[in-house]
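The following exercises ask the student to read a protein model step by step. Each task is followed by a worked solution.

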Amino acid sequence: MAESFAPWTAPGAIARPALQSGCGGPTGVAPIIQLHPTRLCNLACAHCYTSSGPRETQQLPLPLLRAVLDDAAALGYRQLAVSGGEPLLYEALPGLLQHARRLGMLTSLTSNGLLLSPQRWAAIAPHLDRLAISVDGREATHDALRGQAGALARTLRLLAQPRATGTPFGFIFTLTQHNVDELEDVVGLAAAHGAQGVQVHPLTLHGRARETLAGARPDGQELLAAIVEAQRLAQALQTRSGVRVQVDALSQDQILAHRERLVPAWPAPGLTALAPVLVLQSDGQLLPLTHELPRALWLGSVHEAPLKALAARWLHSSASRRLVQALERTWQALAEGAQPAAYWYDEVAARVGPAEVHVPVPPLPSRGLMPRGPALAQGRAAQA
């Protein structure tokens with residue numbers, strides 16, 4: 001097993017060595033804010049962790065998202081990752097990416113790739129640093145998860161758009177308990193179609209995935225198999241094709257060796273130390289690390305207060321301290337256990353104990369906080 005720390009990112013984020021200096025979180029990259037501006041999607045995939053689909057109308061207005069990005073940049077977030085829903089259906093997407101670029105952020109986008117028309121691509125390509133396309137196995141597997149025959153073939157054809165502009169792109173492969181044997185096929189597709197890498201991201205049992213794939217979350221053995229397979233493929237293919245394979249999982253050896261990267265110091269110097277990945281859902285709720293953390297540990301809604309105010313309140317509440325305690329418990333359990341590999345954030349969410357169910361949060365100060373306008377129709381909020 002490799003001795004080095006195997007960092008992971010939010011799906012579709014950009015891992016660049018130049019950004020790793022000074023980053024204390026397990027992402028291995030500059031702190032990232034992941035935005036879900038809409039739940040509208042042209043598909044209703046079985047493994048979707050946001051329960052997005054063609055009938056979902058929940059979305060966030062561009063002025064609000066610009067204000068969130070202003071605060072995020074001031075707090076130290078250096079990357080924007082846009083997901084969904086299908087972000088290509090968010091009409092204000094070019095303006096969102098352009099604003100992030102003005103703030104000095106790297107920009108990335110995760111898409112199913114079925115809507116990469118020349119017109120849509122021309123509008124966003126000048127503002128995009130990296131495109132991530134979901135490819136989840138061989139054609140039969142990929143199309144079955146999406147409920148649409150021919151989905152993979154169409155996505156691969158439309159990759160001609162980013163290739164034409166020279167925009168770097170990669171694939172995101174959702175790892176389940178049953179498909180590690182298809183990783184080689186996906187890496188082969190990446191090499192054949194000009195993708196720079198394949199990010200192997202364990203299935204998140206949230207949203208629709210909880211209902212349709214309840215028994216498919218990969219266990220420690222499957223995660224270890226993915227790590228070993230990724231190393232084999234890297235050795236076999238990287239020198240020929242340049243395709244990098246990254247698995248969002250850590251072996252037990254890596255967990256033991258890198259406690260300081262996984263459990264932040266307390267008190268935290270700022271939000272990015274505790275939440276190197278910050279998620280904004282389409283209902284306006286902000287949460288650290290992963291969708292699966294219980295609501296009691298979330299920061300709150302940007303419809304009610306600016307991100308800066310929510311961050312200040314959260315850092316001075318017991319919620320942030322209890323998150324650190326959960327991180328410590330997780331490291332201890334994994335270090336002492338027999339689990340050969342783990343997806344860190346899922347393990348943390350699973351170990352948030354009963355004490356975290358009711359977390360007292362101090363009220364937001366009224367001075368200087370302006371209302372952000374009426375909230376849009378909230379729809380069904382995702383529950384952790």
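A disulfide is a pair of cysteine sulfur atoms within 2.5 Å. The model examined here is predicted: local features need pLDDT of at least 70, side-chain atom pairs count only at pLDDT 80 or more, and totals for chains, interfaces and linings use all residues. Residues are numbered from 1 along each chain as its sequence is written, and side-chain values use heavy atoms, with hydrogens and water left out.

**Exercise 1. Cysteines**

Task: Determine how many disulfides a search of the whole structure finds, and state why Cys-45 forms no bond with the closest cysteine sulfur.

Solution. Step 1: The search of the whole structure yields zero disulfides. Step 2: Cys-41 takes part in no disulfide, and the nearest cysteine sulfur, that of Cys-45, is 5.9 Å away. Step 3: Cys-45 forms no bond with Cys-41 because the distance of 5.9 Å between their sulfurs is too far. Step 4: For accessibility, buried means under 20% relative accessible area, exposed over 50%, and partly exposed in between (1.4 Å probe, protein chains only). Cys-41, at 9% relative accessibility, is therefore buried, and Cys-45 is buried with a relative accessible area of 11%.

**Exercise 2. The chain as a whole**

Task: State how many helices and strands the chain has, and what percentage of its residues count as buried.

Solution. Step 1: Helices (H or I, at least four residues) and strands (E, at least two) are DSSP runs, numbered from the N terminus. The chain has 15 helices and 12 strands. Step 2: Of its 384 residues, 59% count as buried. Step 3: Contact means heavy atoms within 4.5 Å. Among contacts between residues at least 6 apart in sequence, 72% join residues at least 24 apart.

**Exercise 3. Helix α2**

Task: Identify the buried residues of helix α2 and the elements that cover them.

Solution. Step 1: Helix α2 spans residues 93-102, and its buried residues are Leu-93, Gly-95, Leu-96, Leu-97, His-99 and Ala-100. Step 2: Their cover includes the helices α1 (62-75) and α3 (118-124), together with the strands β1 (32-35), β2 (79-82) and β3 (106-111). Step 3: Leaving aside neighbours within four places in sequence, Leu-96 is in contact with Leu-35, Leu-62, Leu-65, Leu-69, Leu-80, Val-82 and Tyr-90. Step 4: After α2 comes Gly-104, with a positive phi near 85 degrees.

**Exercise 4. The nonpolar core**

Task: State how many residues the largest nonpolar core has, and which helix gives the most to it.

Solution. Step 1: A nonpolar core is a set of buried Ala, Val, Leu, Ile, Met, Phe, Trp, Tyr and Cys residues joined through side-chain atoms within 4.5 Å. Step 2: The largest has 99 residues, and those with the most contacts inside it include Ile-33, Leu-80, Leu-96 and Phe-171. Step 3: Helix α14 (residues 318-336) gives the most to this core, with eight residues. Step 4: Another core, of seven residues, lies apart from it and has Leu-145, Leu-203, Ala-209 and Leu-213 among its members.

**Exercise 5. Two single residues**

Task: Decide whether Arg-329 and Ala-132 are buried, partly exposed or exposed.

Solution. Step 1: Arg-329 belongs to helix α14. With a relative accessible area of 35%, Arg-329 is partly exposed. Its C-alpha atom is separated by 8.1 Å from that of Val-348, 19 residues apart along the chain. Step 2: Ala-132 lies in strand β4 (residues 130-134). With a relative accessible area of 3%, Ala-132 is buried. Ala-132 and Ala-195 are 63 residues apart in sequence, and their C-alpha atoms are 9.2 Å apart in space.
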